[in-house]
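Visitor: I'm new to looking at proteins, so could you walk me through this one?

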Amino acid sequence: MTPNPTFDFTGKVAFVTGAGSGIGRATAQAFADAGAAVAVVDISEAGMNETVQAITARGGKAIAVACDVTKSAQIKEALDKTVAAFGRLDFAFNNAGIEQPGATIVDLPEDVLDRVLDVNLKSVFLCMKHQIPLMLQTGGGSIVNTSSGAGVLAIRQQGGYCASKFGVTVASKVAALEFADQGIRVNALCPGITDTPMIARYTGDTDEGRARVIAQEPVGRMGRPEEMAATVLYLCSDLGSFITGHAMVVDGGQTSGI
């Protein structure tokens, strides 16, 4: 197992959604490298199995749990499997999400809006609904929900996506207030443009498309999934013990002008 010089989560258990690729995979691997047992949760069995294999190859401990995060019963079942396997729940990274095609609010199809809100926002509510009671059983825990730079900044032709991510930001703050005195910390991660399969789809995975989005980043490059993972671990660690209800923007300066 690759040693982690900063975080020691030995004996802890992390639940990571959207862990089959991108930021979710990098974060699941980072938790495992820090000693945590990890529930690798995704709708893609191939993706989550690849993540588990990568973790176990490095000496980590992980299980794959198939789950549609828009379904409350499936989330509860996934969490029950996690506790059955590892005995507790300490950390949750509610990261599963999808993009929307560019369209004005007038032109955005209703079914697309419904899907974006279900996957990006409703799933976060449902995950926290089932995760918080489990954390309370062991004296507390830390939850990080993936919002976005689009969760703090309006973007043309991204009305549905922005609405979903602003919702994640606010829902995280509300949950933080509701459970701060019971040992639960809740924060939102707001990534900027990060080099993931989602961004590859958004850009058409072309040199021109990549150059267009990189031009939006003052630092002149995309973020790396590992940089987002490091932020999640910091927020979950004792180093972040006084941080709750915060939207942590990690975006290379993209939203600095707001």
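Visitor: Which helices and strands each supply at least two residues of the lining of the largest pocket?

Guide: Sure, and keep in mind that this is a predicted model. Look for four helices and a strand around the pocket: the strand is β2, residues 37-42. Two of the helices, α5 (159-179) and α6 (197-203), come with it. Put together, the elements that each supply at least two residues are α1, β2, α4, α5 and α6.

Visitor: Which of them gives the largest share of that lining?

Guide: The lining of the largest pocket has 47 residues. Among the residues nearest its centre are Tyr161 and Met198. The largest share from one element is five residues, and it comes from α6.

Visitor: How many residues of that lining are charged?

Guide: Split the lining of the largest pocket by class: 19 residues are nonpolar and 22 are polar. The charged ones number six.

Visitor: And how much space lies in the largest pocket?

Guide: Here's the general idea: rolling a probe the size of a water molecule over the atoms shows where empty space is left. For the largest pocket, the space comes to about 1000 Å³.

Visitor: What about the second largest pocket, how much space lies there?

Guide: The second largest pocket is lined by 17 residues, and Lys12, Phe91, Arg185, Cys236 and Asp238 are the closest to its centre. By class, its lining has three nonpolar, eight polar and six charged residues. The space inside is about 270 Å³.

Visitor: Now the helices. Are α4 and α5 roughly parallel or roughly antiparallel to each other?

Guide: Start with the geometry: α4 and α5 pack with their axes 8 Å apart, at an angle of about 15°. Angles under 35 degrees count as roughly parallel. So α4 and α5 are roughly parallel.

Visitor: How many residues of the contact of α4 with α5 are nonpolar?

Guide: On the α4 side you'll find Leu113, Val116 and Phe125, among others, and they meet a set in α5 that includes Ala163, Val168 and Phe179. Four residues of this contact are polar and one is charged. The nonpolar count is 15.

Visitor: Is the crossing of α1 and α2 left-handed or right-handed?

Guide: First find them: α1 covers residues 22-33 and α2 covers residues 45-57, and they pack at an angle of about 30° with axes 10 Å apart. That angle makes α1 roughly parallel to α2. Among the residues that meet are Arg25 and Ala28 in α1, with Glu50 and Ala54 in α2. As for the handedness of the crossing, it's right-handed.

Visitor: Last one: at what angle do α3 and α4 pack?

Guide: Helix α3 spans residues 72-86 and helix α4 spans residues 110-137, with their axes 10 Å apart. Where they touch, Ile75, Leu79 and Val83 are among the α3 residues that meet α4, and Leu126 and Leu134 are among those on the α4 side. This contact has six nonpolar, four polar and one charged residues. The packing angle is about 35°.

Terms used:
Residues numbered from 1 in each chain as written. Predicted model: local features only at pLDDT ≥ 70, side-chain atom pairs only at ≥ 80, totals over all residues. Heavy atoms only, no water. Axes fitted to C-alpha atoms, helices over the stretch in contact; angles between N-to-C directions. Contact = heavy atoms within 4.5 Å. Nonpolar A, V, L, I, M, F, W, Y, C, P; charged D, E, K, R; others polar. Parallel < 35°, antiparallel > 145°, perpendicular 65-115°, else oblique. Left-handed = near helix turned anticlockwise from the far one by under 90°. 1 Å grid on protein atoms, 1.4 Å probe; cavity = no way out; pocket = protein on both sides within 12 Å on 5 of 7 lines; lining within 4 Å. Points joined across faces, edges and corners; volume = space filled by probe spheres on them.
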